[in-house]
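Here's a quick briefing for anyone opening this structure for the first time. Have a look at it, then work through the points below.

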Amino acid sequence: MQNNWKLHIVLCLFVSMQLFSQDIDKDSIRTLNKEAFELTRNFSFGKSLSYSYLAIQHSITSSDDESLASSYNTLAVTYHRMHYYNKAKKYYEKALEIHETFDDKKQIVLLYHYLARISIDRKNYGRANEYLNIAYKIANETGDPENVLVLDWIQIQLYQLEGKFVEVVKHVEGMYERIKKASNKAFYVARKNYLGFLLGDAYYHLKEYDKAEEYLEKHTRDEYVHSNDLAVSYMQLSDIYKAKGETDKYKGAQIKSVSYTHLTLPTKRIV
């Protein structure tokens, strides 16, 4: 695969030399980045890298820093998806440097979010916390709850990985007002369901099983999209029912957990 995507880059650079003298407008660069992003989502990394490097070259030729930052970001996302963490970090940081000159706080927060994710993927939780602390300060300055929520989701993941489930509960309880302010009605309901799932999972790990049962049962009634979350909820409920001697409920939850596990796809949840 590595040789394949390198070939795409070589071909891309050859083609770009032919186009060097042509004026490339912002919309064309935006189209290249959009295509690159969609190719990355479909795991077509070689073609995606070709589009990204072409977008970068055209951005530099056009002296278009805004498009260059976007192109670096798209390239970083591809390398991140490929698990090339050093390269992903390099291009996220290049994009961050440009956005800082514009004082584009929304993009700055998002890039710190990505950098924290890389640190989590590399199990460097201390560094992830450093990125999040910087980002929360900037996000709070914007007054936009959506900018804070971008960080909340990854902060919760970090607490879970560190086994800090008391902190999960505290943090989730503080998120309800933010999702209410930031979301339209349909999105609010979906996010509220997910927060209930997070609370049920946290109480399960804290061995507060009555609270866990309450939140997990509500989640199984309200959730209708994310099969992985439902599989976890039913698995945890089956443990609770078994401990309580509720045999029928235990068997039913086990069956549901297995059925939703089989529906689960190997993709990350996006909230």
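Two residues are in contact here when they have heavy atoms within 4.5 Å of each other. With that cut-off, E146, L149, W153, I156 and Q160 in helix 8 meet R191, Y194, L195, L198 and D201 in helix 10. Keep in mind that this is a predicted model.

**The overall picture**

- The chain has 13 helices and zero strands, so there's nothing but α in its pattern when you read along the sequence: α-α-α-α-α-α-α-α-α-α-α-α-α.
- Out of 271 residues in the chain, 44% count as buried.
- Take the contacts in the chain with a separation of 6 or more: 57% of them are between residues 24 or more positions apart.

**Helix 8 and helix 10**

- Back to the pair we started with: helix 8 and helix 10 (residues 185-205) pack with their axes 12 Å apart, at an angle of about 25°.
- Angles under 35 degrees count as roughly parallel, and that makes helix 8 roughly parallel to helix 10.
- The crossing of helix 8 past helix 10 is left-handed.
- Sorted by class, the residues of this contact are six nonpolar, one polar and three charged.

**Helix 4 and helix 5**

- How do helix 4 and helix 5 run, roughly parallel or roughly antiparallel? The axes of helix 4 (residues 65-81) and helix 5 (residues 85-102) cross at roughly 155° and come within 8 Å. The two helices are therefore roughly antiparallel to each other.
- Helix 4 also goes past helix 5 in a left-handed crossing.
- Plenty of residues take part: among them, L68, Y72, L75 and Y79 are on the helix 4 side, and Y91, Y92, I98 and F102 are on the helix 5 side.
- By class, the contact of helix 4 with helix 5 divides into 14 nonpolar, three polar and four charged residues.

**The nonpolar cores**

- Which residues touch the most other members of the largest nonpolar core? They are Y72, Y79, Y92, Y112, L132 and L151, out of 39 residues in that core.
- At least two residues of this core come from each of helix 3 (45-61), helix 4, helix 5, helix 6 (105-121), helix 7 (125-142) and helix 8 (145-161).
- Helix 6 gives the most to this core, with nine residues.
- Y92 is worth zooming in on. Leaving aside its neighbours within four places in sequence, Y92 is in contact with N73, A76, V77, H80, L111, Y114, L115 and I118.
- Apart from the largest core lies another core, of 27 residues, including F197, Y234, I240 and A253.

**Two residues to look up**

- N193 has its place in helix 10. Is N193 buried or exposed? N193 is buried, with a relative accessible area of 11%, and the cut-off for that word is under 20%.
- If you leave aside neighbours within four places in sequence, N193 is in contact with H219, D222 and E223.
- E167 is found in helix 9 (residues 165-182). E167 is partly exposed, with a relative accessible area of 30%.
- E167 and Q155 are 12 residues apart along the chain, and their C-alpha atoms are separated by 9.8 Å.

Notes. Residues numbered from 1 in each chain as written. Predicted model: local features only at pLDDT ≥ 70, side-chain atom pairs only at ≥ 80, totals over all residues. Heavy atoms only, no water. Axes fitted to C-alpha atoms, helices over the stretch in contact; angles between N-to-C directions. Helix = DSSP H or I, 4+ residues; strand = E, 2+ residues; numbered from the N terminus. Parallel < 35°, antiparallel > 145°, perpendicular 65-115°, else oblique. Left-handed = near helix turned anticlockwise from the far one by under 90°. Nonpolar A, V, L, I, M, F, W, Y, C, P; charged D, E, K, R; others polar. Core = buried A, V, L, I, M, F, W, Y, C linked by side-chain atoms within 4.5 Å. Buried < 20%, exposed > 50% of the residue type's maximum accessible area, 1.4 Å probe, protein only.
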